[in-house]
Each structure stands twice: as C-alpha cells, then as structure tokens.
Amino acid sequence: MSDRTTTAQVAVIGGGPAGIEAACALSNNGIRVSLFESEPVLAHNVGNKFKLFPDFSSASELVATLSHKLSGSHVSVHLDTEIVSMEQKGGLWFLTDNYGHTHEAVAVLLATGYDVFDARRKEELGYGIYKGVVTSIDLESMLKAGKLVNVLGEQPQCVTFLQCVGSRDEKIGNHYCSKVCCVTAVKQAIEVKKLSPRTDVFLFYMDLRMWGQGFEELYREAQEQYGIRFVRGRISEAASTFDDRVQIKAEDTLVGQPLKMSTDLLVLMVGMEASCGTKKLASCCGVEGAYGFAHSCSPYLSDNMTDRQGLFLAGSCKRPMSVSDTVNDARSAAVGIADYLKTALSN
Ligand SMILES: Cc1cc2nc3c(=O)[nH]c(=O)nc-3n(C[C@H](O)[C@H](O)[C@H](O)COP(=O)(O)OP(=O)(O)OC[C@H]3O[C@@H](n4cnc5c(N)ncnc54)[C@H](O)[C@@H]3O)c2cc1C
Ligand code: SF4
C-alpha cells in the first residue's frame with residue numbers, strides 16, 4: 001500500500017454530469033479541483049443510454065461535450081479511483097481511495113449519483129430467468145445497436161413496458177417515485193415504433209408522471225402518432241411460453257378486469273436507488289438520509305449543503321433527478337462551495 005497524497009482546494013467525488021459540471025465551474029473560477037471517478041470512464045450512467053428525453057438528443061454526444069469541457073479545464077481527473085472513506089480533521093477533509101492513497105481538500109462535493117434497481121429482486125417478474133424479460137437499460141443497448149429482436153432473433157411482434165419496477169413498491173421498501181422512468185418509457189416506446197413500426201407496443205402504468213416541459217406532448221405523440229397503447233394496471237407475474245415468449249398476468253385497473261397476454265419482450269422500467277458509493281460515503285459522514293440517499297440541510301434554501309462543514313452535495317446522490325436538473329443543481333453547488341472557500345481560506 002502506498003501513502004501517495006494529493007492536495008486540492010476542492011475534492012469532487014463522482015464523474016457523472018453533477019461532478020463534471022461542478023468541477024468545471026469551480027476550476028473556471030481559479031479554484032484547484034481534483035475529481036475522482038470509480039469507473040474507467042466518465043458519466044457511464046448517461047453513456048449507457050442511446051437518446052435522451054425530452055428531445056431525443058444523443059447521450060454519447062452529451063458525454064463527449066462534458067468530457068471535452070473537463071479536459072479543457074485545470075481539473076485534476078482521477079479515473080478508476082473509488083473513494084472508500086473520508087474524515088474531517090482540523091478543518092480539512094482526508095479522503096482515502098481504493099489504492100490506499102490519501103487526498104486532502106478544504107471542501108468536498110459528494111456527486112456519487114445512483115445505481116439502477118436490480119430487477120432480480122422482483123423474482124415474480126422473471127428477470128434473469130426468462131430471456132424475453134429485459135430492463136430499460138438492456139433496451140437502451142438494443143436501441144443503441146439499432147437491433148431490436150426477440151429471443152429467436154426475429155423482429156418482435158409485441159413489446160410491453162412495465163412501470164415502477166423497484167419504485168413505489170411497499171414490498172421492496174422503496175416508497176418514492178424515481179421520477180425519470182415514466183418519460184423514459186414513453187421515449188423508449190416511441191423509439192421501438194420508429195425502429196419497428198409493425199410491432200405492437202403496450203405500456204402498463206400505475207399513473208403517468210409527465211412533470212417536465214415537453215413530456216405531456218411526448219405522451220400525446222406516443223398515443224396519436226405511434227398508436228402506443230397505455231393500460232392502467234399492474235403486471236403481477238411473468239412466465240415463459242413454450243415458444244419462448246413471455247406470458248404476463250395483469251389487471252386492468254380502469255375496467256377492473258384481470259387479463260393474460262403474451263409478449264415477445266417485457267421491458268422492466270427499473271428505478272433509481274442511491275448508489276453504493278452514495279450510501280457508503282453518506283453514512284461515513286453522518287449525512288445519510290431516507291433510502292440511503294444523502295441528506296441536505298434543507299430542500300429550500302440550502303439543498304447543496306450538509307450539516308458537516310465543508311461537505312456539499314449535488315445531483316442524484318440526493319434523490320432521482322434528470323440530467324438538466326442535475327446540471328443546474330451542480331452549478332448551484334459550485335456557487336455555495338466558492339462562497340465557503342472565501343471564508344474558510346481567509347481564516
Ligand atoms: C433508465 C434511465 C434512463 C434515463 N434517461 C434519462 C434521459 O433520457 N434524460 C435525462 O435527463 N435523464 C435521464 N436519466 C437520469 C440521468 O441518468 C441522471 O440525471 C444523471 O445520470 C445524474 O447524474 P449524477 O452525476 O447525479 O449521477 P451519476 O450519473 O450516477 O454519476 C455519479 C458518478 O459517481 C461515481 N461514483 C459513485 N461512487 C463513487 C465513489 N465512491 N468514488 C468515485 N466515484 C464514485 C459513479 O461511478 C458515477 O459515475 C435516466 C435514468 C435512468 C435510470
Ligand atoms: S416516474 Fe413513473 S415509472 Fe418511475 S417510479 Fe414514478 S410513477 Fe413509477
């Protein structure tokens with residue numbers, strides 16, 4: 001184990017949109033910043049998508065823009081470097097990484113984001129058991145490759161989406177709404193129709209939360225232009241048919257009728273959970289909130305601050321958030337950190 005150390009005014013933990021945006025904003029203001037990302041690449045939680053809501057812009061282009069911005073800044077970037085613990089001593093933060101190195105900073109920004117819900121935990125839906133059951137992340141890979149096929153390698157006759165997998169779920173213990181999966185399902189359903197116009201597309205929902213600008217219009221377009229069928233109801237169980245399709249048992253809660261149908265692909269809209277990094281570091285610093293997300297001082301006027309001096313938060317480590325909300329939140333965190341440094345460094 002080496003004892004190599006680095007020093008910076010600000011340590012940013014997490015190289016997603018939140019971490020990159022905040023790091024660049026701070027660096028542009030002459031502040032020395034180190035950014036740590038546990039993965040070998042930046043912004044993998046965006047890079048694994050094809051097109052983004054609300055306007056179908058390219059996820060890879062967004063990642064390229066963020067990476068370009070970061071490489072043009074003076075931020076010292078450490079990829080493949082997971083921060084495993086941190087502590088504050090005498091007004092300074094000491095971070096330890098997975099190699100045993102120590103990194104010193106006056107302020108720390110936690111931008112450790114989310115992990116998607118592991119669909120295997122909903123055993124009754126058959127993910128990991130039946131090949132025709134996939135997650136929204138798996139579907140993004142298919143869309144990215146421009147290849148939408150069923151288990152037999154043929155164009156699917158039917159694709160069915162199920163909302164709220166791992167969110168708003170008493171049994172799992174995640175009562176919160178993941179916020180981005182309703183609009184993601186509508187976006188993906190349209191993409192399926194664009195790629196394979198003859199495929200029938202169904203979408204099972206509890207209620208549709210189209211909260212953002214342009215989302216409601218996308219929902220209308222899905223119905224009117226693409227003929228996507230929205231069914232208010234829950235799928236209780238999935239099973240395999242003899243010809244490798246997926247049979248689903250559901251209830252149409254609008255008409256109060258149970259129904260059975262078979263589909264080529266069942267797409268589970270997996271929700272957002274606090275990432276392992278968020279849970280570990282928030283708990284290590286005593287700022288762990290509900291469901292393992294990091295807890296800010298107040299959601300009104302100090303949503304980027306924590307009860308710990310010099311420890312700030314940005315993005316989806318606090319709760320599910322879209323990219324645009326994340327980026328705005330990161331800019332606001334950068335302003336708060338710059339203000340904090342003025343006082344901390346003048347003492
Ligand atoms: C299925 C799905 C589809 C989505 N589609 C869209 C969309 O179309 N449009 C949209 O606006 N939003 C979309 N989102 C939301 C989008 O992914 C988030 O808004 C965005 O990724 C949040 O950025 P972030 O930086 O807060 O977190 P993240 O992107 O999760 O980044 C956090 C980073 O921190 C790193 N990290 C974690 N712990 C550590 C540690 N201990 N040390 C070092 N690094 C660490 C992680 O590896 C990760 O790279 C979607 C989300 C899901 C689940
Ligand atoms: S955004 Fe929609 S699919 Fe996701 S948890 Fe909320 S209601 Fe369910």
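Which residue of S13 does Phe 204 stand opposite? In this predicted model, the partner of Phe 204 is Val 231. That pairing is a handy way into the fold, and the strands around it are taken up again below, after a look at the chain as a whole.

The protein chain is built from eight helices and 18 strands. Along the principal axes, its C-alpha atoms occupy a box of roughly 70 × 40 × 40 Å. The radius of gyration is 22 Å, which agrees with the value near 20 Å that a compact globule of 347 residues would have. The domain assignment splits the chain into domain 1 (5–113 + 275–346) and domain 2 (119–272). Domain 1 is thus written as two segments, 5–113 and 275–346, and the C-alpha centres of domain 1 and domain 2 are separated by 32 Å. Where the domains meet, 11 residues of domain 1 are in contact with 19 residues of domain 2. On the domain 1 side, the touching residues comprise six nonpolar, three polar and two charged ones.

Ligand 1 draws on both domains: domain 1 and domain 2 each contribute at least three residues to its shell. In total, 40 residues surround ligand 1, and the closest of them are Gly 14, Gly 16, Gly 113, Gly 277 and Gly 315. Several elements of secondary structure take part, each with at least two residues in the shell: helix H1 (17–28), helix H2 (44–47), strand S9 (114–116), helix H4 (136–145), helix H7 (276–285) and helix H8 (323–346). Sorted by class, the shell around ligand 1 holds 18 nonpolar, 18 polar and four charged residues.

Ligand 2 has a shell that can be given in full. Its residues are Gln 163, Cys 164, Ser 167, Arg 168, Cys 177, Ser 178, Lys 179, Cys 181, Cys 182, Arg 209, Met 269 and Gly 271. By class, five of these residues are nonpolar, four are polar and three are charged. Strand S11 and helix H5 each provide at least two residues of the shell around ligand 2.

S11 and H5 also belong to a recognisable piece of the fold. Together with S12, they make a right-handed β-α-β unit, in which H5 covers residues 181–195. Strand S11 (residues 158–165) and strand S12 (residues 200–205) pair in the parallel sense over five bridges, and Val 159 stands opposite Val 201 of S12.

On from S12, the pairing continues with strand S13 (residues 229–240), which joins S12 in the parallel sense over four bridges. Here the opening pair, Phe 204 and Val 231, finds its place, alongside a second pair in which Leu 203 stands opposite Phe 230. In a regular strand, side chains alternate between the two faces of the sheet. S13 pairs in turn with strand S14 (residues 246–252), this time in the antiparallel sense and over seven bridges. One of the facing pairs is Gly 233 with Asp 252 of S14. S13 and S14 form a hairpin with five residues between them, and in the turn Asp 244 takes a positive phi of about 65°.

Two further backbone details deserve a mention. Ala 43 has a positive phi of about 50° although it is not a glycine; this residue sits in the loop between strand S2 (33–36) and H2, and H2 is among the helices that supply residues to the shell around ligand 1. The peptide bond from Phe 53 to Pro 54 is cis, with omega near 5°, and Pro 54 is found in the loop between strand S3 (51–52) and strand S4 (57–58).

Methods:
Residues numbered from 1 in each chain as written. Chains lettered and ligands numbered in written order. Predicted model: local features only at pLDDT ≥ 70, side-chain atom pairs only at ≥ 80, totals over all residues. Near = placed C-beta within 6 Å. Nonpolar A, V, L, I, M, F, W, Y, C, P; charged D, E, K, R; others polar. Domains from an automatic or database assignment. Pairing = 2+ DSSP bridges. Right-handed = clockwise from strand over helix to strand, strands pointing away. Contact = placed C-beta atoms within 7 Å. Rg over C-alpha atoms; globule rule 2.2 N^0.38 Å.
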